[in-house]
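User: I'm new to this one and would like to learn how to read it. Could you walk me through a few features?

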Number of protein chains: 2
Amino acid sequence: MGVTVKDVARSAGVSTATVSRVINGDSRISGETRKRVLQCIAELGYKINNIARSLKTNKTYTVGFICPELPNSFFMNIAKGVEDELKKHGYSMIICNSNESAEQERERIDLLLEKCIDGVIIIPASDEGMHYNRFKEMNIPVVLADRLTEDFVSDSVLVDNVNGAYSAVEHLINNGERRIGYIGGDLRLTTARERDEGFRRAMRDYCIPIDESLMKYGDFHIDSGYEKMKELMELDEPPRYVFISNYFMHIGATKFLFEKREQLKSHITIASFDDIDLSSILGFCRILVGQPVMDIGSKTAQLLLSRINGEELSFPQIIRLKTHLTIL
Amino acid sequence: MGVTVKDVARSAGVSTATVSRVINGDSRISGETRKRVLQCIAELGYKINNIARSLKTNKTYTVGFICPELPNSFFMNIAKGVEDELKKHGYSMIICNSNESAEQERERIDLLLEKCIDGVIIIPASDEGMHYNRFKEMNIPVVLADRLTEDFVSDSVLVDNVNGAYSAVEHLINNGERRIGYIGGDLRLTTARERDEGFRRAMRDYCIPIDESLMKYGDFHIDSGYEKMKELMELDEPPRYVFISNYFMHIGATKFLFEKREQLKSHITIASFDDIDLSSILGFCRILVGQPVMDIGSKTAQLLLSRINGEELSFPQIIRLKTHLTIL
DNA sequence: CTTTTTTGTGCATACGATTACATTTATATA
DNA sequence: TATATAAATGTAATCGTATGCACAAAAAAG
């Protein structure tokens with residue numbers, strides 16, 4: 001600790017410039033000198049001080065990751081993909097929890113702006129994105145993951161929600177069912193909106209009029225899944241097939257069905273978005289729309305790194321990954 | 001962007017030293033000057049460059065967080081507690097995934113050491129901790145969360161696993177059952193070991209001989225929970241009560257029971273560690289040992305910050321938080 | 001009305017690296 | 001052999017901030 005380029009330089013009998021060049025792999029250094037310097041580095045246990053380096057180079061090899069919730073397997077699978085990809089390139093990631101609030105998102109942005117990050121990945125907390133412009137102003141590349149925002153055009157990586165939902169619903173219809181219940185998310189989220197569109201489009205394409213009393217809107221959380229399924233089941237004539245547009249509402253809905261399984265008039269079949277952790281063990285589920293979650297993460301990271309490295313790409317890059325249907 | 005103390009100083013007609021002092025709240029600056037400087041800062045849109053500051057002060061206001069798995073609600077609840085607490089103090093956190101491997105843990109440590117962090121929180125991937133010494137050598141405080149390690153003595157925050165397990169098992173026994181199945185984790189993890197001890201101690205205290213054929217050891221993951229429950233149920237005389245020592249194995253075990261529910265000879269009751277997300281909706285569960293997960297996080301962060309700020313505390317600080325029993 | 005203390009600022013250096021430019025030495029070319 | 005070119009290294013400035021020390025002015029003490 002405390003050994004600097006100067007010490008190495010002195011010990012190797014060269015200038016600090018030479019030491020620096022060896023460290024940075026400058027090809028002009030003679031094999032002779034390089035060897036000597038490397039030896040001294042090893043002997044003295046020299047470790048580069050990246051703070052100092054960053055000051056000169058204006059690069060921190062650190063990116064921010066803002067996400068609406070930490071204990072959320074969906075987001076964390078994305079995070080995992082990101083972290084993995086970043087690590088390959090020597091980058092690390094500062095994680096920030098926006099708690100699904102644009103307000104807190106702003107606070108975290110303040111924090112991140114102070115840290116001189118090279119780029120930032122955001123899973124938007126809402127459809128507001130104006131405040132992301134502060135990164136743009138500082139010339140810090142931004143890539144959105146999973147969701148888009150209304151007012152902030154940006155590189156993004158997400159899945160084809162419309163077709164994902166469409167294919168699931170289509171499959172239900174092909175099973176011979178026309179009365180299909182729906183539990184969706186807050187339409188201010190693009191993901192919720194797109195899945196909603198997929199649902200409606202499938203129904204329209206099969207000439208099934210939409211019964212709005214079967215359309216329930218929650219907030220993508222467990223409790224609301226429970227609540228909305230309850231509402232559906234308390235209808236005079238509950239649907240026997242239900243499409244649920246995310247994982248957590250699926251869990252909640254299942255919880256309700258499980259608790260009331262004795263009172264159910266008929267067997268319920270669920271089709272749901274997100275094939276993670278327990279989806280497949282939730283008893284009523286037969287159809288799952290799987291998202292390539294880790295891929296979202298790694299693609300996002302790759303895109304960000306491209307921007308950071310100033311690669312020429314048209315703007316905005318919007319990468320849509322395909323979902324895949326699993327029938328249980 | 002590009003505006004530095006120098007610009008502010010020139011604009012306010014003072015020296016950079018004065019500007020710096022205003023920024024850092026030095027009380028010796030006259031109200032007059034302070035006001036003028038602050039005004040110029042606002043007008044010019046000056047933002048401090050924390051890299052430069054860190055170079056001088058040797059503080060980055062950043063800590064590392066190494067954890068065995070990102071998509072894991074237990075760890076992420078801890079992370080949330082940490083992030084929350086850190087944020088209050090202006091710190092941010094670099095998150096690293098060790099993938100439950102000491103090997104990868106080492107790689108992440110390399111990465112973190114290069115980043116000049118002020119401290120690090122580790123949820124150990126295994127019982128090896130020798131490599132954590134590298135932080136100690138650099139004088140970087142370390143706090144372990146949730147688990148201890150064999151060979152690295154350290155400040156730590158964890159729960160009273162022994163008594164947590166004990167009380168759950170005790171409750172089963174008080175229900176009148178003496179044949180109790182057990183699905184535990186890899187004994188190389190302190191958490192697994194302690195819960196094992198709790199189980200055995202309760203049995204001993206109630207004078208119930210332990211039937212080793214009912215003791216199954218998995219690895220804290222879903223699949224092994226499934227597997228071990230299968231083994232238990234395939235015994236000639238399966239236990240009707242089972243204690244499971246973590247969340248994920250609980251899920252796996254439930255999955256098995258759910259799939260085979262028609263073939264079960266009798267009703268199964270589960271007592272399990274960890275009261276998160278779905279524990280309570282898993283059909284066979286009646287007893288849950290809840291951990292104060294977010295508290296683990298915030299306490300860990302608090303302890304780390306104390307060390308970073310050089311507060312006088314005896315070493316090591318081992319904080320044990322109490323679990324609480326929930327009967328469903 | 002000195003002398004001492006306090007208060008408010010400025011000067012200059014340091015933090016630890018990178019890098020443009022200058023310089024030396026070796027090699028190739030005429 | 002003289003000169004042009006290339007290769008290897010050194011010199012010194014720079015990145016943006018913090019801070020010990022010096023110093024002047026103002027306030028307090030004598």
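Analyst: Let's start with a definition: Ala, Val, Leu, Ile, Met, Phe, Trp, Tyr, Cys and Pro count as nonpolar, Asp, Glu, Lys and Arg as charged, and the others, Gly among them, as polar. With that in hand, the residues of the surface near DNA strand D split into nine nonpolar, eleven polar and seven charged. Keep in mind that this is a predicted model.

User: Which residues are the closest to DNA strand D?

Analyst: A residue counts as near a strand if one of its heavy atoms lies within 4 Å of it. Here 27 residues surround DNA strand D, and the closest are Thr18(A), Arg21(A), Thr33(A), Tyr46(B) and Arg53(B). H2 and H4 of chain A, together with H2 and H4 of chain B, each supply at least two residues of that surface.

User: Which parts of DNA strand D do the atoms within 4 Å of the protein belong to?

Analyst: Sugar or phosphate takes 60% of them, and the rest belong to bases. For single contacts, look at pairs of N or O atoms within 3.5 Å. Thr18(A) has a polar side-chain atom 2.6 Å from a phosphate oxygen of DNA strand D, and Asn24(B) has one 3.2 Å from a phosphate oxygen of that strand. A base is reached too: an N or O atom in the side chain of Arg21(B) is 2.9 Å from a base oxygen.

User: What about DNA strand C: which residues come nearest there?

Analyst: Of the 27 residues around DNA strand C, the nearest are Val5(A), Ser20(A), Thr18(B), Arg21(B) and Thr33(B). Sugar and phosphate make up 62% of the atoms of DNA strand C that come within 4 Å of the protein. You can pick out side-chain N or O atoms in Tyr46(A), 2.6 Å from a phosphate oxygen, and in Thr18(B), 2.4 Å from a phosphate oxygen. For Lys56(B), the partner is a base nitrogen at 2.8 Å.

User: Which element gives the largest share of the surface near DNA strand C?

Analyst: That's H4(A), with five residues. The residues of this surface divide into ten nonpolar, ten polar and seven charged.

User: Now a helix: why does the length of H12(A) agree with its number of residues?

Analyst: Helices rise 1.5 Å a residue, so the 16 residues of H12(A), 293–308, should span 22 Å, and the end C-alpha atoms are 23 Å apart, which agrees. Twelve of the 16 residues are buried, including Val293(A), Ile296(A) and Leu304(A). Among the elements covering the buried residues are helix H5 and strand E1 of chain A. After H12(A) comes Gly310(A), with a positive phi near 65°.

Terms used:
Residues numbered from 1 in each chain as written. Chains lettered and ligands numbered in written order. Predicted model: local features only at pLDDT ≥ 70, side-chain atom pairs only at ≥ 80, totals over all residues. Heavy atoms only, no water. Helix = DSSP H or I, 4+ residues; strand = E, 2+ residues; numbered from the N terminus. Expected span 1.5 Å × (residues − 1). Buried < 20%, exposed > 50% of the residue type's maximum accessible area, 1.4 Å probe, protein only. Contact = heavy atoms within 4.5 Å. Polar contact = N/O pair within 3.5 Å; in protein donor to acceptor, adjacent residues only side chain to side chain.
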